[in-house]
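Visitor: I'm new to protein structures. Could you show me how to read one, feature by feature?

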Amino acid sequence: MGWSEVDEGAPPRVVFPRAYNAAADLIDRAIERGWGARTAYLDDRGAYTYADLAARVERAAAAFAALGVQPEQRVLLAMLDTIDFPAAFLGAIRMGAVAVPVNTLLTAHDYAGMIADSRARVIVASDPLREKLPGSLPVATIHQQATAAPIFASTPDDAAFWLYSSGSTGAPKGAVHLHAHLMWTAILYGREILGVKPDDVIYSAAKLFFAYGLGNALTFTLSAGASAVLTAERPTPAVVARIMKTHEPTIFCGVPTLFAALLADPSFQVSPKLRVSISAGEALPAHVGRAWRERFGTDILDGIGSTEMLHIFLSNRHGDVKYGTSGKPVPGYELALRGSGDELWVRGPSACTSYWNQRERSLATFEGGWTRTGDRYSIDDDGYYVYGGRADDMLKVGGIWVSPFEVESALAAHAAVLECAVVGHADADQLIKPKAFVVLKPGAHVSAEELKSFVKERLAPYKYPRWIDFVGELPKTATGKIQRFKLRAS
Ligand code: 3UK
């Protein structure tokens with residue numbers, strides 16, 4: 001079942017057998033290698049060995065089979081970070097289903113769209129999320145006694161899981177990932193760049209439903225025989241501080257907004273065993289990286305990844321960090337700057353095959369093995385890649401996509417709003433947050449606070465505009481198009 005390495009060269013050359021199941025590889029291989037008694041996970045309730053995890057994965061697989069799930073059908077996971085997430089994710093993949101983990105911060109409306117698009121046969125939801133999900137689908141209970149389900153004889157090229165990603169317009173699109181993709185990211189980035197070792201304890205503040213968190217706390221952890229800390233709680237500075245103290249992680253994975261918030265707390269302490277941190281989701285401001293290095297004596301490796309590529313393909317590395325840059329290409333990935341010479345494209349073995357049922361959007365993004373990132377980059381004199389912003393209007397807020405058009409539609413639904421425009425605006429830490437320019441209807445009145453609450457009630461709360469400027473009119477071209485560049489500059 002397992003993959004093998006052709007030689008020790010760089011980039012690593014890996015061969016997958018024709019019969020390959022990613023869940024069986026991650027779990028059964030760990031047991032075969034004698035890791036059964038090692039700790040795989042520590043969650044809010046307790047610790048679980050690799051043997052415990054293996055039993056839970058088998059039970060989840062059997063439960064899906066008992067519910068009538070067939071290979072290739074989708075199982076939607078709306079799950080907080082507990083041991084149940086890896087059990088359900090790997091259990092679905094093990095019996096041939098396609099796992100579809102979704103963002104836990106979304107609205108019932110967002111979930112309805114993903115359920116319809118994926119045609120999920122079963123939904124697994126953590127209790128606190130149940131009310132945002134429909135009740136008409138079977139409810140999966142993981143039975144203690146469910147009879148075992150066979151390992152599905154997938155190929156490395158079978159779909160194993162999808163990850164939904166937002167675009168500037170239209171519903172989120174499901175990036176289709178294959179069985180081989182998890183291990184590719186574990187080898188190319190997890191092993192070669194991050195260097196995860198069996199005695200590492202990984203704490204990823206980015207949750208498992210993000211490609212970033214899934215790599216950190218599931219793929220890299222399990223393929224190395226390491227341990228990961230999971231918590232169902234939101235990664236506030238207080239929660240991070242507690243985990244640093246109680247679990248003493250050796251590797252910490254965060255997003256720039258969180259690193260900035262942690263630095264803003266003078267009493268915050270890192271784990272005494274911390275050896276390195278990684279940052280992704282949006283560019284790490286140089287001053288945040290340097291302040292962290294100065295205060296805690298360890299580096300933050302900034303690297304850029306995407307849902308489409310599954311994990312990081314361009315990164316800083318141990319002993320070679322240049323703050324204010326995304327570092328250099330991860331061996332195994334090829335990068336190209338196209339268009340007017342600043343649009344980043346990437347090619348590598350973990351790229352999704354397409355967006356499910358989205359021909360036009362797939363054609364606009366994937367070309368002959370290459371993936372368009374939508375990011376602008378330049379290369380400095382020392383060969384480090386410097387982020388130059390998005391080629392589209394999308395915003396990264398705390399590492400999560402926000403479409404300015406979606407926020408504009410929510411604002412425009414308020415009775416007092418005539419028209420509005422939303423752009424990215426840098427906060428005190430040089431991190432981008434949504435800012436709205438609003439024109440009110442004649443004689444109408446509404447406070448900025450009321451408009452913020454209005455948006456928070458309608459969209460996932462992290463999307464609300466942090467600043468609202470009431471203006472008499474919006475700058476427009478002769479053809480009536482809003483001149484966003486003028487608003488960004490104001
Ligand atoms: C932006 C960055 C500058 C960039 C992700 C690590 O973020 C991840 O995936 P998403 O699909 O977003 C991808 C987009 O986010 N971005 C991410 N990292 C950086 N910009 N510097 C960075 N270090 O616009 C990119 O196209 O949400 C991150 C691992 C897996 C992931 N999916």
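**Reading the fold step by step**

Guide: Happy to. The chain has 13 helices and 26 strands. Keep in mind that this is a predicted model.

Visitor: How do I judge the overall build, and what radius of gyration does the chain have?

Guide: Compare the chain with a rule for globules. With 490 residues, a compact globule would have a radius of gyration near 23 Å, and the chain has 22 Å, which agrees. You can also picture a box around the C-alpha atoms, taken along the principal axes: roughly 70 × 55 × 50 Å.

Visitor: What share of the 490 residues counts as buried?

Guide: Here 53% of the residues are buried. As for the accessible surface, it comes to about 20000 Å², and 52% of that belongs to carbon and sulfur atoms.

Visitor: How much of the contact count comes from residues 24 or more positions apart?

Guide: Take the contacts with a separation of 6 or more: residues 24 or more positions apart account for 65% of them.

Visitor: And the charges? How far apart are the mean positions of the positive and negative ones?

Guide: There are 50 positive and 52 negative charges, and their mean positions are 2 Å apart.

Visitor: Let's do sheets. What holds the strands of a sheet together?

Guide: Strands of a sheet pair through backbone hydrogen bonds, either parallel or antiparallel. In this chain, 9 strands make an open sheet with mixed pairing, in the order β4-β3-β11-β10-β12-β13-β14-β15-β16.

Visitor: Which strands stand at the edges?

Guide: Those are β4 (47-49) and β16 (328-329). Each has a single partner strand, so one side of each is left without a neighbour in the sheet.

Visitor: Can we zoom in on β12? Which way do its residues point?

Guide: Strand β12 covers residues 251-254. I251 and C253 point one way, F252 and G254 point the other way, and all are buried.

Visitor: Which way does β12 run relative to β10, parallel or antiparallel?

Guide: Parallel: 3 bridges join β10 (residues 201-204) to β12. In that pairing, Y203 has F252 as its bridge partner. Strand β12 also pairs with β13 (residues 276-279) in the parallel sense, over 4 bridges. There, the bridge partner of G254 is S279 in β13.

Visitor: How do β14 and β15 run, parallel or antiparallel?

Guide: That pair is antiparallel, with 3 bridges joining β14 (residues 300-305) to β15 (residues 312-315). One pair to look for is I304 with its bridge partner L314 in β15.

Visitor: What sits in the loop between β14 and β15?

Guide: L310 is in that loop. Look at its backbone angle: phi is positive, about 75°, although L310 is not a glycine. L310 is also buried, because its relative accessible area is 3% and the cut-off is under 20%.

Visitor: Which other residue has a positive phi without being a glycine, with a value near 55°?

Guide: Try N357, with phi near 55°. N357 lies in the loop between β18 (343-347) and α10 (359-365). With a relative accessible area of 51%, N357 is exposed.

Visitor: What does a hairpin look like here, and how many residues lie between β20 and β21?

Guide: The hairpin of β20 and β21 has 5 residues between the strands, and G383 takes a positive phi near 90°. The strands, β20 (residues 370-379) and β21 (residues 385-390), pair in the antiparallel sense over 4 bridges. I379 stands opposite Y385 in β21.

Visitor: Where is there a cis peptide bond?

Guide: It joins A10 and P11, with omega about -5°. P11 is in the loop between β1 (4-5) and β2 (14-15).

Visitor: Last one: is H445 buried or exposed?

Guide: H445 is exposed, with a relative accessible area of 73%. Find H445 in the loop between β25 (432-440) and α12 (448-458). Leaving out residues up to four places away in sequence, H445 touches A416 and L440. A416 is 29 residues from H445 along the chain, yet their C-alpha atoms are separated by 6.4 Å.

Visitor: And what does D199 touch?

Guide: With residues up to four places away in sequence set aside, D199 touches R38 and T250. D199 is found in the loop between α5 (179-194) and β10, and counts as exposed at 61% relative accessibility.

Methods: Residues are numbered from 1 along each chain as its sequence is written. This is a predicted model: local features need pLDDT of at least 70, side-chain atom pairs count only at pLDDT 80 or more; totals for chains, interfaces and linings use all residues. Side-chain values use heavy atoms; hydrogens and water are left out. Helices (H or I, at least four residues) and strands (E, at least two) are DSSP runs, numbered from the N terminus. The radius of gyration is taken over C-alpha atoms; the globule rule is 2.2 Å times the number of residues to the power 0.38. Buried means under 20% relative accessible area, exposed over 50%, partly exposed in between (1.4 Å probe, protein chains only). Contact means heavy atoms within 4.5 Å. Accessible areas come from the Shrake-Rupley method with a 1.4 Å probe; for residues, only the protein chains shown count as cover. Lys and Arg count as positive and Asp and Glu as negative; His and the chain ends are not counted. The place of a charge is taken as NZ of Lys, CZ of Arg, CG of Asp or CD of Glu. Two strands pair if DSSP finds at least two bridges between them.
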